[in-house]
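Me: Hi! Could you walk me through the ligand site and the empty spaces in this one?
Reply: Happy to, let's pull it up.

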Amino acid sequence: MPRIVTVAAAQMGPIQKADDRASVVSRMLALMEMAHARGADFIVYPELALTTFFPRWHYEDRAEADIWFERDMPNAATKPLFDRARALGMGLSLGYAELTPDGHHFNSSVLVDREGKLVGLYRKIHLPGHVEFDPERTHQHLEKRYFEPGDLGFPVWRTMGGLFGMCICNDRRWPETYREMGLQGVEMIVLGFNTPSVNSQRAAEGLEERLFHHRLSLQAGAYQNATWVVAVAKAGVEDGHHLMGGTLIVDPDGHIVAELPGEDDGVLVHACDLDATRFGKETIFDFKRHRRIEHYGRITSQVGVIEPA
Ligand code: ING
C-alpha cells in the first residue's frame, strides 16, 4: 500500500503591517478550502504566516515588537484554522513568532496531524541578519534582534504515515539542517520562508540569483538525504519591501516536481509517495553502509578553521 501524502503548499501573498490576524486567518482558511478541494491531506503555510515580516523594522525597545508574537498556539486568532483543518481531516504546519510563558522569543513552526493533535514544535536555528540597526544596509534584517536561536534541535516525528521534519527559511541554506533530519530517516521536510528579493549587502544580486540559490539549496538537501522537501513562500510587496516567491516541492531524487508561479495567495498540490525515499535511503545514501564518519578526520564546528591565503 503506497504511503501517499497529498501536500498543499499554501503560498501567501504580502501581509501589510496594518493587516490584522483575523484578515490573515481568513486568507489561510480560503487556501485550506482550495487545498481540500484538490484532495490535499496536509497543508504547509509560510514562515511568520500570521504577520508581516516584522524583522525588517527596527524597534529601539524590543518589547514593542511583542505585538507580532503569539503567546499560545493555537490561540483565539488561529483556533478557526485548527478547527477547520481537523474537520477536513487535514494536517498542517504553520510558521509564527513564538513568545514563551517565561519570556523567550523564537521564530517557530508547529506540526499538527490530521486529527488536530499538536505533533511537534520547531524553533528556527539559523537566524540571518543582525542585532543593531545597520545604516549601511538598504534594508534591515533584524532576526537576531527579535529571536533567540532555536533550542529544540531538528526533531523528526512519526506522523501522517511517515517521518516528518521542519525547518524555517534560512535553515534551508545549511546542509546540516537536512543531514540532522536525514540521519533520523526523515521522509518529508516542510518549511516556510520570507526571502527579500534583494540582498541588503549586495544590491547587484537580483531576484534570479536569489531564486537560483533557493532552488539549489532545496534540491541538494532533498537529494543528499533522500527526502521530499516542501518550501512555501510568503511573497510580494509588504509596505514597500519585496519578498520573492518560489514555492515549490522537491522529490527525493532532487527534482523540482512542482513550482508555483507568481507572488499571490495560491496552493500547489502534489501527491507525494513517501516510499519514493526508499531507493535513495537503501542505496546511494544508506548512511550505515556508506557514510564513513570515522574516516572524516577532525570534524570541527569552529568557524574559519583554515585562514584564507
Ligand atoms: N530570509 C532570508 C533567507 O535566508 C537571506 C535571509 C536571504 C539570507 C538570502 C541570506 C541570503 O531566505 C530569512 N527570513 O531567513
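Reply: One term to begin with: a polar contact is a pair of N or O atoms within 3.5 Å; within protein, one must be able to donate a hydrogen and the other to accept it, and residues adjacent in sequence count only if both atoms are side-chain atoms. Here, a polar side-chain atom of Asn170 is 2.7 Å from an oxygen atom of the ligand.

Me: Anything I should know about the model and numbering?
Reply: The model is predicted, so local features need pLDDT of at least 70 and side-chain atom pairs count only at pLDDT 80 or more, while totals for chains, interfaces and linings use all residues. Residues are numbered from 1 along each chain as its sequence is written, and side-chain values use heavy atoms, with hydrogens and water left out.

Me: Which polar atoms lie by the ligand's nitrogen atoms, say at Glu47 and Asn194?
Reply: At Glu47, an N or O atom of the side chain is 3.3 Å from a nitrogen atom of the ligand. At Asn194, a polar backbone atom lies 3.1 Å from a nitrogen atom of the ligand. The protein covers 85% of the 370 Å² of accessible area that the ligand has on its own (Shrake-Rupley method, 1.4 Å probe).

Me: Which residues come nearest to the ligand?
Reply: Glu143, Cys169, Asn170, Arg173 and Thr195, out of 13 residues around the ligand (a heavy atom within 4 Å).

Me: What space does the ligand take?
Reply: The ligand takes the largest pocket (more than half of its atoms lie within 2 Å of the grid points). On a 1 Å grid over the protein atoms alone, a pocket is an open set with protein on both sides within 12 Å along at least five of seven lines, a cavity is a set of points where a 1.4 Å probe fits but cannot get out, and lining residues have an atom within 4 Å of a point.

Me: What volume does the largest pocket have?
Reply: About 350 Å³, as the space filled by probe spheres set on grid points joined across faces, edges and corners. Of its 21 lining residues, Pro128, His141, Asn170, Arg173 and Arg210 are the closest to the centre.

Me: How many cavities of 30 Å³ or more are there?
Reply: One. The largest cavity holds about 60 Å³ of space, and its lining includes Tyr45, Glu47 and Met166.

Me: New topic: which peptide bond is cis?
Reply: The one from Met73 to Pro74, with omega near 0°.
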